[in-house]
Amino acid sequence: MDRIDRKILQILQEDCTVPVAEIGRRVGLSTTPCWRRIQKLEEDGVIVGRVAVLDPRQVNAKVTAFVAITTNTHSDEWLKRFAEVVAQMPEVVEFYRMAGQVDYLLRVVVPDIEAYDAFYKRLIAKIDIADVSTSFAMEQIKYTTALPLQYVVVEKPVPEKSAG
């Protein structure tokens, strides 16, 4: 990956609907080489998808809950079952296995507290959990889907050999 790839990624993270010709113009490439780079970034798994980011208020998902879960069971079978249960719950938009006092952390979005309570009851009915602690977000101060790109290891361009 080089500096041009990093610039392409930055543009796509900001708005993946920017036409390839415009991306190429911004990074100093014509359309075809720019499109080839984007395809290569997809093939290499750097770009894993392109999505529309929705306004939670407009789709009635106004309440964000962070659900900290601890368990007394740490087997592969339990985790597999837990992951299957969580996969069936569309309210869970992020799911992490943690280090520290909390074993798992879920980010859950719902319309209101009543919907969260229904989610909670479905969750604990399907899997044995030692403790669940929920914190509700009062205000979203920063949100981005863009990853920081300053940590990308950039390859130095190889000088082209002159024909001669």
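Trainee: What share of the 164 residues in the chain is buried?

Mentor: Bear in mind that this is a predicted model, and that a residue counts as buried when its relative accessible area is under 20%. By that reading, buried residues make up 26% of the 164 residues in the chain. As for the surface, the chain exposes about 11800 Å², and carbon and sulfur atoms supply 53% of that area.

Trainee: Which radius of gyration does the chain have, and what would a compact globule of 164 residues have?

Mentor: The chain has a radius of gyration of 22 Å, whereas a compact globule with that number of residues would come out near 15 Å. The box filled by the C-alpha atoms can be read beside this value, and along the principal axes it is roughly 75 × 40 × 25 Å.

Trainee: How many helices and strands does the chain have, and which pattern do they follow?

Mentor: There are 5 helices and 4 strands, and along the sequence they are arranged as α-α-α-β-α-β-β-α-β. Contacts add another view of the fold: of those in the chain with a separation of 6 or more, 64% are between residues 24 or more positions apart.

Trainee: How many aromatic pairs are there, and how should I read the geometry of a pair?

Mentor: Two rings pair if their centres lie within 6.5 Å, and the angle between the planes then gives the class, with under 30 degrees counted as stacked, over 60 as edge-to-face and the rest as tilted. The count comes to 8 aromatic pairs by this rule. In one of them, W78 and Y104, the ring centres are 5.7 Å apart and the planes stand at 40°, so the pair is tilted. This pair links distant parts of the chain, since W78 belongs to helix α4 (residues 76-87) and Y104 to strand β3 (residues 104-110), 26 residues apart. Both W78 and Y104 are buried.

Trainee: Why is the pair of F82 and Y104 edge-to-face?

Mentor: The planes of F82 and Y104 stand at 70°, with the ring centres 5.2 Å apart, so the pair is edge-to-face. Here too, distant parts of the chain are linked, with F82 in helix α4 and Y104 in strand β3, 22 residues apart. F82 and Y104 are both buried, and ring pairs join W78, F82, F95 and Y104 into a cluster.

Trainee: Turning to the loop between α3 and β1, is V53 buried or exposed?

Mentor: V53, which lies in that loop, has a relative accessible area of 51% and is therefore exposed. Together with V51 and Y143, V53 forms a nonpolar patch on the surface, and the accessible area of the three comes to about 320 Å².

Trainee: Where is N60, and what is its phi?

Mentor: N60 is in the loop between α3 (31-43) and β1 (63-70), and its phi is near 55°, a positive value in a residue other than glycine. Because its relative accessibility is 42%, N60 counts as partly exposed.

Trainee: Which residues does K62 touch, leaving aside those up to four places away in sequence?

Mentor: With those sequence neighbours left out, K62 touches P56, R57, V110 and P111. K62 is found in the loop between α3 and β1, and because its relative accessibility is 52%, K62 counts as exposed. Separation can be read in sequence or in space: K62 and Q13 are 49 residues apart in sequence, and their C-alpha atoms are 24 Å apart in space.

Technical notes. Residues numbered from 1 in each chain as written. Predicted model: local features only at pLDDT ≥ 70, side-chain atom pairs only at ≥ 80, totals over all residues. Heavy atoms only, no water. Helix = DSSP H or I, 4+ residues; strand = E, 2+ residues; numbered from the N terminus. Buried < 20%, exposed > 50% of the residue type's maximum accessible area, 1.4 Å probe, protein only. Patch = residues over 30% accessible without salt bridge, like charges linked within 9 Å, V, L, I, M, F, W, Y side chains within 5 Å. Areas by Shrake-Rupley, 256 points an atom, 1.4 Å probe, with all protein chains shown as cover. Salt bridge = Lys/Arg side-chain N within 4 Å of Asp/Glu carboxyl O. Contact = heavy atoms within 4.5 Å. Phe/Tyr/Trp six-rings, centres within 6.5 Å; stacked < 30°, edge-to-face > 60°. Rg over C-alpha atoms; globule rule 2.2 N^0.38 Å.
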